[in-house]
Structures are given as C-alpha cells and as structure tokens.
Amino acid sequence: MKRLSLFILFCFGLTISTFAQNMMTPELLWKLKRLSPVGISDDGKNIIYTITEYEVEKGEKTTKKYTIPVKGGTPMEIKDYSDLITDKSVSPDGTRKIDIEKVKIDKVLGKDLYPNLQESNVYIFNDLYYRHWDKWNDGTFNHLILKMNGDSEVDGIDILKDEPYHSPQMPFGGSDDFTWNNEGTKILYVAKKLEGKEYATSTNTDIYEYDLQSGITKNLTEGMLGYDTHPEFSKEGALAFLSMARDGYEADKNDIVVFFNGLKTNLTQHWDGTVFSFKWDKDGRKIYFTAPIGGTVQLFSVDYVPANNSKKPLEIKQITDGQFDVAGLVGQVGEEFIVSRTDMNHASELYSVNLKNGKMSQLTDVNKNIYDQIKLSKVEKRIVKTTDNKDMVTWVIYPPDFDPNKKYPTLLYCQGGPQSALSQFYSFRWNFQLMAAHGYIVVAPNRRGMPGHGVEWNEAISKDWGGQVMDDYLSAIDDVAKEKYVDKERLGAVGASYGGYSVFYLAGIHNKRFKSFIAHDGVFNLKSMYGTTEELWFTNWDAGGAYWEKDNKDAVKTYTEFDPSNMLDKWDTPILIIQGGKDYRVPIGQGLEAFQAAQLHGLKSRLLYFPDENHWVLNPQNSIIWHTEFFKWLGETL
C-alpha cells in the first residue's frame, strides 16, 4: 500500500509539472467530467443528465444528477429526477413496472449438482456458451419481471419463465432492449432464444411481444435472421427497430424497419449507409437517426409514410455536418433536437440542433476549466490514395504548438472492430489528444472495413484481414511520412483488438518502416483464437470458417496467409504486448503466445498484464499505469 501511495504521488507530481506546460496528461484525462444524457423532462422544458467524476488516488467515483433548460442556461443539481421524466420501465398508465432480475435456470456449478459440496468451485458444461465477454455462465439469466408499480419487494410475473435466455441481452443490453406499447397492454423485448452451439454461432436476436392479458408471447421478427434490436413505438403506434439482414454478421448494414397495420417498411434499405441509433419525431412522421459518414457521425432524418408500400426509396436528409460526432440522441423539443457531441479534443457535451438548418448550439461545457488551461491539438482530415486508387479519409492529429519546421515521431493508429468507425470520438484510453500532447503526430486512417464510406467499403475487410487493409495502413503512413516534419526514423504502430492484430501482422510485413509496436488484446494466433473465443459467429464470418475446414477456400486462405503467428521469422522490431486476464473475446493466450514468441526470438519486448480487466481497461489506477507504460515504451523505443 505504501508503494502504491508513493507511485500515485509520483504520478500526480508529474501531473503538476506537465500541467504547468498546459498539455493533456493521463491524470488530467481522468479528472475530466463524464457527461451522460438521461432525457427530456416530461414538460419539455429541461434536459436531464448525469456527471461522473473519478478520484483516482482513492479509487472512487461519484455521479451527480443535473437539469438544464432546453434553451440553455444555468445547470442545477438535483437529488432525483423520477418526478421529472417518465420511467421507461413503468407502463403508460403508471400501474405496472418492469424489473430486471437474475434468475437461476441451468445447473452448471458443482454446488448445483452436488448439494452436499457447497464449498466446491467447479463449472460443468455439456455445450458451448460457457462464458461471454468477461463472465462465465453460472446458469443465471437476465429476465424481465412484471410487477405492480410501487411493490418492488413483491414477487412478480417472470415473462421469460423457465427460459434459458437473456433479456436484456448480455453483455451490453439495457433499457433499450424492452418497451411498452402505447396502450400498456403489451411488452416488447429483445432476446436471442438459442442455446449452446447455436447461441455461440448466431446473431439472430428477435423482438418478442408479451401480451399481459393472455400471457402469450409472439415472435414479431420471425424469419428475420440477423440482429433485431431497439424497439420503439411512434405516437401513432408504429413499431420501429434496427435490423440486420444476415445471421452471423455482427457488422452487417443496420437498417430502420417499421411495422404498422400489417405492413413492413425498410426505411433505409436503398441507402448506402448503416444506422447507429434512432428516435421517432413527435408526430410519428419522421425518424431522426445517427450514422457514420466520412470519418464522422452525423444526424440524419428519414420520412415515414404509413401508406407507402412502394419500392420507391424514401428521402434521407443529412442534418448536421462538421468535424465532430453526434454521439447520442437525447430528444426532440419543437424544431430543435438535443444531442450529445464529441470531437478528438473534447469529451461529450450537450448541444441543440436546429432541425431546419442543422445549426448547433452548445448547452453544456462541463470541462471548460480544464480545456481552457491546456493547448489543444490540430486535427486535420487528409485524403490518401490507396493502392487500388480509392480515396481514404485519414485523420492526422498534430501536437499542440505544432511547428512544421521541426521533426516529430509519428504513430500509425490501427482501429479495432474490425468494422467500428474511426470518427471524431473521444476515448479515455486511446486518446489522440493525449498522444499528441506527448509530442507525437498520430495518423488514423479510415481503412477498409470502416462504416461511413459505403457498404462495399465496410464489408471489404471480411475474409481479407491481411489483404487490402494492410496496404491501406501502409498507404496512410507512407503518405504522411512524405512531409518534412515527420521523422521517418521514428515511426511506430499501435492498436487494440483487430488493431492489435494489425500491429502483429504489420510486424511481419512492414519492411523496417516502424521502430516500435504496441498491441493491446490483439489476435495473434488465428487457430487458437478460433478455439477459445466465445462469439464464434464473429470468427466464422470474418475468417470464413474453422481452421479444420480444408475444402473452405476462404478459411484456408485466412489461416495460412493472414495469421501473424506464421510470420515470426520476419519480426525484427521491439514490441509492447498488453493483455487483459478477463478478456474472453480475445483470450489471454493471444497475448501470452505473442510475448513468448517475441522473447524467444530475441526481440526487445514487454508484457503488460491486467488480471482483472476485460477487453478494456476500466479501473482508473490501472489506466494510469496503462498510459504510463504506453508512453514509457515509446520513449524507450522511439
């Protein structure tokens, strides 16, 4: 404990010293307030949101609740907002409420099967789905429990009684996974009603309708084979939800589908994009949604005409445009829409969007005191020509006080996913502002596989992990490295998840471009990855199948040509390998295999192991060490 205290004091001493230089630091990053919108008050006058702050030295966090007028003004702290905004879990007439409870269904623990051995610690499985994300399956499932409002202690009706399925979904499902119909007579919920191997190899979630009077449950999306999520009713009772068409493809084009009066309408079917989130307008004649485009995330709208049963594409309008992300939808107030917004220099804040002209007005500025004291990075959008003559959006982030007459070490940032957007997000770990503040230029390409550049571009990475996408990475760093201010002798590549895989793969093909690598929770050995990851639908789709399928051309190509562990004879560069012990998506063996191989090949290498972290680093003190080791490694090798 004494050593930890000394380390923290040392870190904060560094903070004071560095902060005096007006630059972002890891410790300062954790001092930023984190804003999360809750919604619009029922009277339409106020926005409700929370602010979470961390005390790293104590390992504690506090969350406070606030309101601010929708037209802007002075925020006011409140103790509770239950009387200001309707609880989504409460029925429209206020008489009933949905609770989420863990319900024991399956006997998988030793103590379940051997009641006289209660001190045992054993799991016994006869099928797949034995663990997910960062938790082992202990036989309990999220269930929706219907109760009388105000009687939370009284047993209610389990609307998934005896069913071994989750609703809300694991691991990230929440209140968006269920809703009431407007009359309060039915509950709609999202579930993937599959078990074992079928669960592990499928993305087929459906939307189910539970009738309170009859107790009968009906599958509303039967025959729709991909993800069906986020059910929401319009004022007139039309049901909208997000839908992916193909089973097993978690990054498929996400469309807005509407059911009304027996008709099904796909509002975005003919649009070359994918939807992130949506909300109905107040009249039920339009839907507002967010979607990635050109390296950002913007606000869009699509008209909904109930009687339209034609194949004519509906008009989709882009409302906002700029170098920022519309990170979340809060709600509509008249001709304004309240959103949260980020960019690479600023964490989430609330804005009001004029729906007629897209003009945005900032409503909150919770981190003004910090941002006013530091120098911000210049963020530039650059168009790079790829090897197949396509235009690739590449973000370039420059150090504060950038001087084009100086030379700077430069980092190629490799995004994970592999189909996640590289937009104007603000990360509290892969923070470009922080990297730039340490004196690095950051090159962040929207390489093949990114949404926001058309469906074809988005899908091009599947079954081609080590193909064109690697050329895209090298095109980006080579293009920026032509600039006189880039120190070509001090290039590094960093990334996590698929980005970590990218680092491992680039280590075998970079032809001495890079002097340092950092891979966090990266895929190193595609065969052992297939044998230990939990969401097999992901590897089945992106790798093309299992490694033992010798007649499967896609799979054979993946495991022979695109496996970093096959290229160790080409590794010649120092590498830092970071691994979370509770990462079941990219399990611990991936990082350990890579570190062991690097060590046995005589490379300067280091293993940073977090036993209690999953695919991310969430503990504040662990995060400080993560950042400290990250920049320490770069200091040693670049």
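In this predicted model, strand 12 and strand 13 form a hairpin with five residues between them, and G215, which lies in the turn, has a positive phi of about 75°. Strand 12 (residues 206-211) is mostly covered, since six of its six residues are buried. Elsewhere in the chain, eight strands form an open sheet whose pairing is mixed.

**The hairpin and its neighbour**

- Strand 12 and strand 13 (residues 217-219) run antiparallel and are joined by three bridges, with Y210 standing opposite T217 of strand 13.
- Strand 11 (residues 186-191) also runs antiparallel to strand 12, to which six bridges join it, and here V190 stands opposite I207 of strand 12.
- Both faces of strand 12 are covered, with D206, Y208 and Y210 buried on one side and I207, E209 and D211 buried on the other.

**The eight-stranded sheet**

- The strand order in the open sheet is 26-27-29-28-30-31-32-33.
- Strand 26 (378-385) and strand 33 (605-610) stand at the edges and each has a single partner strand, so one side of each is left without a neighbour in the sheet.
- From one strand to the next, the twist averages 20°.
- Strand 26 pairs with strand 27 (residues 391-398) in the antiparallel sense over eight bridges, and W395 in strand 27 is the bridge partner of K381.

**Helices across the sheet**

- Helix 9 (residues 498-509) lies across strand 28 (408-414), strand 30 (486-496), strand 31 (516-520) and strand 32 (575-580), and runs at about 135° to strand 30.
- Helix 13 (residues 588-600) lies across strand 32 and strand 33, running at about 160° to strand 33.

Conventions
Residues numbered from 1 in each chain as written. Predicted model: local features only at pLDDT ≥ 70, side-chain atom pairs only at ≥ 80, totals over all residues. Heavy atoms only, no water. Buried < 20%, exposed > 50% of the residue type's maximum accessible area, 1.4 Å probe, protein only. Helix = DSSP H or I, 4+ residues; strand = E, 2+ residues; numbered from the N terminus. Pairing = 2+ DSSP bridges. Axes fitted to C-alpha atoms, helices over the stretch in contact; angles between N-to-C directions. Contact = heavy atoms within 4.5 Å.
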